[in-house]
Amino acid sequence: GRDCFDEPSIEIGIVIPKGKHQKNIEINRCELFDVVSHEIHHLAQNIDNNCFNRGNQYSGKLSYFLDPYEIEAFHIGIRAHSELSGKSFDDIAHSYLKKSWPDGSNKQIEQIVNEWKNTKFPAYQQNLQRSNK
């Protein structure tokens with residue numbers, strides 16, 4: 001979103017459990033890079049000034065996971081995570097979806113992973129075309 005100066009920004013908060021000492025907390029670096037890459041891609045999409053038609057006919061969590069802007073950002077984040085961890089894109093995506101959406105059917109999860117994995121970045125591409133004019 002925008003910061004207090006109306007500039008695009010991201011803010012990442014890491015909550016340390018009560019009673020734990022900071023030195024004893026292990027932060028999963030691969031997951032952190034995933035989140036940061038995902039959010040930075042949203043800045044690159046320039047969503048505030050992009051008139052991309054989202055064309056999303058779904059509802060609930062499926063609508064969020066299949067939103068074109070989110071598809072692109074999940075793709076970027078998972079690729080960063082995969083590169084650093086050595087885990088496959090599919091394994092990371094499936095694990096994330098099963099944790100964050102336990103009620104999602106296998107068919108829905110496969111659809112989401114396929115969309116995330118195979119995006120052609122239409123929202124970002126449109127934004128690039130508009131900025132080159």
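Let me start with what helix α4 packs against: in this predicted model, the buried residues of α4 pack against α1, which covers 29-45, against α2, which covers 60-65, against α3, which covers 68-85, and against α5, which covers 106-117. The residues of α4 that are buried are Phe 89, Ile 92, Ala 93, His 94 and Leu 97. The helix itself runs over residues 89-100 and so has 12 residues, by the numbering of DSSP runs from the N terminus, and from its first C-alpha to its last it reaches 17 Å, which is close to the 16 Å expected at 1.5 Å a residue.

Now let me step back to the whole protein, for those of you who are seeing it here without any background. There are 6 helices and 0 strands, and if you read along the sequence you follow the pattern α-α-α-α-α-α. Of the 133 residues in the protein, 31% are buried. If we take the contacts between residues at least 6 apart in sequence, 61% of them join residues at least 24 apart. As for the surface, the protein exposes about 9,200 Å², and carbon and sulfur atoms supply 49% of that area.

With that in mind, I would like to go through two residues of helix α3, and I will begin with His 81, which is found in that helix. Is His 81 buried or exposed? Its relative accessible area is 7%, and because buried means under 20%, His 81 counts as buried. Its side chain makes a polar contact with the side chain of Asp 34, at 3.2 Å. Leaving aside the neighbours within four places in sequence, His 81 is in contact with Cys 30, Glu 31, Asp 34, Gly 86 and Ile 92, and Ile 92 is one of the buried residues of α4 that I listed at the start.

The other residue is Glu 72, whose place is also in helix α3. Glu 72 has a relative accessibility of 0%, and it therefore counts as buried. Which backbone atom lies 2.8 Å from a polar atom of the side chain of Glu 72? That atom is the backbone nitrogen of Ala 123. When residues up to four places away in sequence are not counted, Glu 72 touches His 41, Gln 45, Thr 119, Phe 121, Pro 122, Ala 123 and Tyr 124, so that Ala 123 appears both in this list of contacts and as the residue whose backbone nitrogen lies 2.8 Å from the Glu 72 side chain.

Methods
Residues are numbered from 1 along each chain as its sequence is written. This is a predicted model: local features need pLDDT of at least 70, side-chain atom pairs count only at pLDDT 80 or more; totals for chains, interfaces and linings use all residues. Side-chain values use heavy atoms; hydrogens and water are left out. Helices (H or I, at least four residues) and strands (E, at least two) are DSSP runs, numbered from the N terminus. The expected span of a helix is 1.5 Å times one less than its number of residues. Buried means under 20% relative accessible area, exposed over 50%, partly exposed in between (1.4 Å probe, protein chains only). Contact means heavy atoms within 4.5 Å. A polar contact is a pair of N or O atoms within 3.5 Å; within protein, one must be able to donate a hydrogen and the other to accept it, and residues adjacent in sequence count only if both atoms are side-chain atoms. Accessible areas come from the Shrake-Rupley method with a 1.4 Å probe; for residues, only the protein chains shown count as cover.
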